[in-house]
Every structure is written in structure tokens, then in C-alpha cells.
Amino acid sequence: MKRALPVLVLSIAGLVPVWLYEPSLGITSSGASTPSVSSSASSGSAGSSSTVVAGTTVPTEKGDVQVEVTFAGSKISSVRMLKQPNHPQTTAAVPVLIKETLAAQSADIDTVSGATITSDGYQKSLQAAIDSQADSAASSPSPSASTSAPAAESASKVVSGTAVDTEKGTVQVEVTFEGDKIASLKMLQQPNHPQTTAAVPVLIEETLAAQSSDIDTVSGATITSDGYKESLQAAIDAKG
């Protein structure tokens with residue numbers, strides 16, 4: 001009888017963990033309705049340039065469907081379910097729909113057999129998120145575009161005119177444009193004559209004032225002046 005008591009005590013002690021374990025089974029099963037695939041699909045996808053957009057909530061016969069899409073630039077980097085029907089078919093279909101979306105990079109994907117209603121709701125919510133992202137991108141000025149616009153206006157462009165042969169020698173000018181404005185000129189080729197040397201500064205000054213080749217010839221350097229204007233006009237035409 002003295003040995004029977006320890007055995008009885010040990011038996012009762014062995015049953016205690018079993019009694020305590022049963023309620024934990026109920027807790028585990030109640031959390032099974034939350035899909036883990038959609039959350040894992042979005043893990044690590046958010047970056048400094050990522051945009052997260054929630055699609056519209058689409059009511060279906062099975063329940064509401066709503067997706068959340070993470071965009072990396074214009075690319076769909078991940079999809080997460082915010083709302084979905086609590087059905088085995090939906091739980092099985094969600095990973096397939098997400099996989100197809102990432103591959104297609106659009107809502108133009110196939111419905112999952114056995115989960116047509118959920119698939120249709122998913123596609124509608126997904127398309128709404130894509131449209132929202134596209135509208136947001138179109139309405140927001142691109143930082144690169146806004147910074148490049150002033151640069152384009154102030155950027156210089158150097159154009160060489162044609163080399164014009166004259167009786168005195170070859171005449172060729174090089175024009176620097178800032179936007180549409182003639183900012184400066186340089187002689188690439190010119191006759192080696194005192195009249196030309198004296199005429200060039202005058203021709204350049206008149207060009208900067210007129211902003212065209214419609215300038216007067218310099219007295220005593222008519223041939224050089226005509227060659228200068230011809231080369232200058234060619235540069236203006238080449239600039240466009």
C-alpha cells in the first residue's frame with residue numbers, strides 16, 4: 001500500500017500537462033484563418049522609394065476582397081491581402097493570384113479554378129490600386145524632370161558653321177547658344193588680313209545685338225563679311 005501512493009501521485013502529475021495542453025489547441029486553430037502567404041510576399045519589399053497603395057474594397061458573395069500593393073517605382077514588388085473571404089478555396093487561391101500578379105505586373109491574370117468569385121474581386125481591387133498609383137504618378141511632377149528643365153534652358157550648345165571659301169581665304173565661325181540666344185561667337189578660320197582682323201570684332205558685336213545673321217557688312221571687309229554671315233547662318237540653321 002505504501003508503494004501504491006507514489007504511483008498514484010505520478011499518474012496524476014502525468015495527466016496535468018495533458019489537461020493544460022487542450023485549450024492551446026483551440027487557440028492555434030482559431031488563428032488559421034489569417035493567411036500568412038500574403039504577408040510573407042510583402043516582407044522586405046518596402047524600400048525608401050516604395051509606394052504602398054490600397055485597392056478598393058470589393059464586396060463578393062463570399063465576402064469582401066481588398067488588396068494592398070507595394071510599388072517600387074512603377075513595378076509591383078509585392079501584394080498583400082487586407083480583406084478576403086474566410087474560405088479554404090480563397091486561402092489556397094491567394095498565393096497563386098499574388099504569384100501571377102508579380103509575373104504579369106498587371107491585373108490581367110487568370111482566375112483560380114474553384115475560387116472564381118474571389119479571383120474576380122482580387123483583380124478589381126488590384127486594378128483600382130494600379131490605377132490610383134498611375135494617377136498619382138501622373139499628377140506629381142517628377143523630381144528629375146523639374147530639376148532638368150532649368151538645366152535644359154541654361155545648357156549651352158556649341159555649333160560650328162560651314163567653312164566658306166572666299167577670295168581672301170576661308171571663313172568659319174563657331175556659335176555658342178544658350179537656349180535660343182546667341183551667347184558668343186568665335187572665329188575658327190579667317191583670312192590673314194588686317195581688314196579681316198579689324199572687321200571680326202565689329203561683326204561679332206553686331207551679331208550679338210541682332211541675334212541673327214541679318215547684319216551690315218563692314219566697310220573695307222565686304223568679302224570677309226559675306227563669308228562670315230554665310231557661315232553664321234549655317235550655324236543658326238544647324239542649331240534648329
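Here a colleague and a modeller talk through a predicted protein model.

Colleague: Let's start with the overview. How many helices and strands are there, and in what pattern do they come?

Modeller: The protein has 7 helices and 7 strands. Along the sequence they follow the pattern α-α-β-β-β-α-α-α-β-β-β-β-α-α. Of the 240 residues, 31% are buried.

Colleague: Why is Thr 70 called buried?

Modeller: Buried means under 20% relative accessible area. Thr 70 has 6%, so it counts as buried. You'll find Thr 70 in strand E2.

Colleague: And what makes Met 81 count as buried?

Modeller: The cut-off is again under 20%. Met 81 has 8% relative accessibility, so buried is the right word. Met 81 sits in strand E3. Met 81 and Val 67 are 14 residues apart in sequence, yet their C-alpha atoms are 4.5 Å apart in space.

Colleague: Why do you say that E1 and E2 pair?

Modeller: Two strands pair if there are at least two bridges between them. E1 and E2 have 5 bridges, so they pair, and they do it in the antiparallel sense. One example is Val 52, whose bridge partner in E2 is Thr 70. Thr 70 also has a C-alpha distance of 8.7 Å to Ala 54, which is 16 residues away along the chain.

Colleague: How do you know that E2 and E3 pair?

Modeller: By the rule of at least two bridges. Strand E2 (residues 66–72) and strand E3 (residues 75–83) share 7 bridges, so they pair, in the antiparallel sense. Phe 71, for instance, has Ile 76 in E3 as its bridge partner. E2 and E3 form a hairpin with 2 residues between them, and Gly 73 in the turn has a positive phi of about 70°.

Colleague: What is the order of the strands in the open sheet of 3 strands?

Modeller: The order is E1-E2-E3, with antiparallel pairing. The edge strands are E1 (50–54) and E3, as each pairs on one side only. On average, neighbouring strands of this sheet are turned by 20° against each other, direction ignored.

Colleague: Which strands does H4 lie across?

Modeller: H4 lies across E1, E2 and E3, and runs at about 40° to E2.

Colleague: On to H3. What makes its length close to the expected one?

Modeller: The expected span is 1.5 Å times one less than the number of residues. Helix H3 (residues 88–104) has 17 residues, so 24 Å is expected, and H3 reaches 25 Å from its first C-alpha to its last.

Colleague: Where does H3 bend?

Modeller: H3 bends by about 30° at Val 94, and a proline, Pro 95, follows within four residues.

Colleague: Which residues of H3 are buried?

Modeller: They are Thr 90, Ala 93, Val 94, Leu 97, Ile 98 and Thr 101. Here's a handy rule for reading such a list. An α-helix has 3.6 residues a turn, so residues three or four places apart point the same way.

Colleague: What follows H3, and what about its phi?

Modeller: Gln 105 follows H3, with a positive phi near 55°. Gln 105 lies in the loop between H3 and helix H4 (116–139).

Colleague: Why point out a positive phi at all?

Modeller: Because most residues other than glycine have a negative phi. Gln 105 has a positive value and is a residue other than glycine.

Colleague: Why is Gln 105 called partly exposed?

Modeller: Buried ends at 20% and exposed starts over 50%, with partly exposed in between. Gln 105 has 30% relative accessibility, so it is partly exposed.

Colleague: Now H6. Where does H6 bend?

Modeller: H6 bends by about 30° at Val 200, and a proline, Pro 201, follows within four residues. H6 has 17 residues and reaches 25 Å, close to the 24 Å expected.

Colleague: Which residues of H6 are buried, and what covers them?

Modeller: The buried ones are Thr 196, Ala 199, Val 200, Leu 203, Ile 204 and Thr 207. Their cover includes strand E7 (181–189) and H7.

Colleague: What makes Gln 211 partly exposed?

Modeller: Partly exposed lies between 20% and 50%. Gln 211 has 29% relative accessibility, so it fits. Gln 211 is in the loop between helix H6 (194–210) and helix H7 (222–239). Gln 211 has a positive phi of about 55° although it is not a glycine.

How values were computed. Residues numbered from 1 in each chain as written. Predicted model: local features only at pLDDT ≥ 70, side-chain atom pairs only at ≥ 80, totals over all residues. Heavy atoms only, no water. Bend = angle between axes of the 7 residues up to and from the residue. Buried < 20%, exposed > 50% of the residue type's maximum accessible area, 1.4 Å probe, protein only. Axes fitted to C-alpha atoms, helices over the stretch in contact; angles between N-to-C directions. Contact = heavy atoms within 4.5 Å.
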